[in-house]
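Here is a short guided tour of one protein model. Please keep the sequence and the 3D view open as you read.

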Amino acid sequence: LYRDATVLILDEPTAVLTPPEVSELFSTLRRLTQTGHALIFISHKLHEVMAISDRVTVLRDGRVVGSVLTQETNTQDLARMMVGRDVQTSWEKPPAQDGAVVLRIENLSVMGDRGVPALKSLSLEVRAGEIVGIAGVSGNGQRELAETIVGLRRAASGAIMVGGRVLTNAPPARMLAAGVAFIPEERMTMGVIRD
């Protein structure tokens with residue numbers, strides 16, 4: 001921008017932003033368009049595309065499959081254009097049953113790659129038949145948590161129990177034997193999973 005660019009291409013600019021930061025970015029982008037800048041906003045987050053764009057062009061397999069005015073479409077139509085069929089966005093499911101505790105973490109503290117705490121006294125439990133979601137902006141301890149559970153990173157303190165057995169700082173082979181697997185967010189990095 002300081003070089004007077006008139007066309008700005010943003011590829012997934014909100015990937016690591018918090019909701020308030022996204023709002024601030026969008027305000028800035030709107031101000032840029034008011035001063036004559038042209039913007040291309042690339043994202044798979046359809047609610048953000050709907051919030052910021054004037055017109056949406058959808059690509060599938062490297063080809064344009066449609067271009068619509070944002071005010072004349074919705075996220076369901078955009079999703080259909082993206083994948084080539086109707087997309088189910090909600091599912092009926094029965095409430096989780098309270099099964100036995102399979103994984104228990106108590107007061108887990110872990111150091112990050114830069115030598116500063118990545119996790120501080122984290123406690124949680126996961127029961128059989130249950131899915132527990134871990135949410136947070138990238139870089140807030142999710143990777144360190146997963147790596148510590150499966151033995152790829154050492155815990156500074158606290159306890160990890162699988163099936164009632166204390167396995168804190170157990171090596172990956174022992175975690176695999178206990179029935180724990182790990183599929184990392186980056187497919188080219190090390191995971192812990194049976195063939």
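Is glutamate 147 buried or exposed? With a relative accessible area of 14%, glutamate 147 is buried, where buried means under 20% relative accessible area, exposed over 50% and partly exposed in between, using a 1.4 Å probe and protein chains only. Before going further, please note that this is a predicted model, in which local features need pLDDT of at least 70, side-chain atom pairs count only at pLDDT 80 or more, and totals for chains, interfaces and linings use all residues. Residues are numbered from 1 along each chain as its sequence is written, and side-chain values use heavy atoms, with hydrogens and water left out.

**Helix α4 and its surroundings**

Glutamate 147 sits in helix α4; helices here are DSSP runs of H or I with at least four residues, strands are runs of E with at least two, and both are numbered from the N terminus. The side chain of glutamate 147 makes a polar contact with that of arginine 153 at 2.9 Å. Such a contact is a pair of N or O atoms within 3.5 Å; within protein, one must be able to donate a hydrogen and the other to accept it, and residues adjacent in sequence count only if both atoms are side-chain atoms. Setting aside neighbours within four places in sequence, glutamate 147 is in contact (heavy atoms within 4.5 Å) with Leu152, Arg153 and Phe182.

The helix as a whole tells a similar story. Six of the eight residues of α4 are buried, so the helix is largely enclosed by the rest of the structure. Those buried residues are Glu144, Leu145, Ala146, Glu147, Thr148 and Ile149. Their cover includes β5, β6, β7 and α5 (172-177). Just after α4, glycine 151 adopts a positive phi of about 90 degrees.

**The sheet**

Three of the elements just named as cover, β5, β6 and β7, also belong to an open sheet of four strands, in the order β6-β5-β7-β8 with antiparallel pairing. Two strands pair if DSSP finds at least two bridges between them. The edge strands, each pairing on one side only, are β6 and β8 (165-166).

β5 and β6 are joined in the antiparallel sense by seven bridges, and valine 101 stands opposite arginine 127 in β6. Their hairpin has five residues between the strands, and there glycine 115 takes a positive phi near 80 degrees.

On to β7 (residues 157-162), which runs antiparallel to β5 and is joined to it by five bridges. Leucine 103 stands opposite valine 162 in β7, arginine 104 has methionine 161 as its bridge partner, and glutamate 106 stands opposite alanine 159.

β7 and β8 are antiparallel too, with two bridges between them. Valine 162 turns up again here, with arginine 165 as its bridge partner in β8. The hairpin of β7 and β8 has two residues between the strands, and its glycine 163 takes a positive phi near 60 degrees.

**Two pockets**

Now for the open spaces. On a 1 Å grid over the protein atoms alone, a pocket is an open set of points with protein on both sides within 12 Å along at least five of seven lines, and lining residues have an atom within 4 Å of a point. Grid points are joined across faces, edges and corners, and a volume is the space filled by probe spheres set on the points.

| Pocket | Volume | Lining by class |
|---|---|---|
| Largest | about 1,100 Å³ | 23 nonpolar, nine polar, seven charged residues |
| Second largest | about 770 Å³ | 14 nonpolar, five polar, three charged residues |

In these classes, Ala, Val, Leu, Ile, Met, Phe, Trp, Tyr, Cys and Pro count as nonpolar, Asp, Glu, Lys and Arg as charged, and the others, Gly among them, as polar.

Which residues lie closest to the centre of the largest pocket? Of the 39 that line it, they are Gln142, Arg143, Leu145, Ala146 and Phe182. Helix α4 gives the largest share of this lining, seven residues, while β5 (101-111), β6 (117-127) and α4 (142-149) each supply at least two.

The second largest pocket has 22 lining residues, with Ile40, Phe41, Ser53, Arg55 and Val56 nearest its centre. Two or more residues of that lining come from each of α1 (19-34), β2 (38-42), α2 (46-52), β3 (55-60) and α3 (75-83).

**Threonine 18**

One last stop is threonine 18, in the loop between β1 (7-11) and α1. Threonine 18 counts as partly exposed, because its relative accessibility is 27%. Its C-alpha atom is separated by 30 Å from that of aspartate 61, 43 residues apart along the chain.

Methods:
On a 1 Å grid over the protein atoms alone, a cavity is a set of points where a 1.4 Å probe fits but cannot get out, and a pocket is an open set with protein on both sides within 12 Å along at least five of seven lines; lining residues have an atom within 4 Å of a point.
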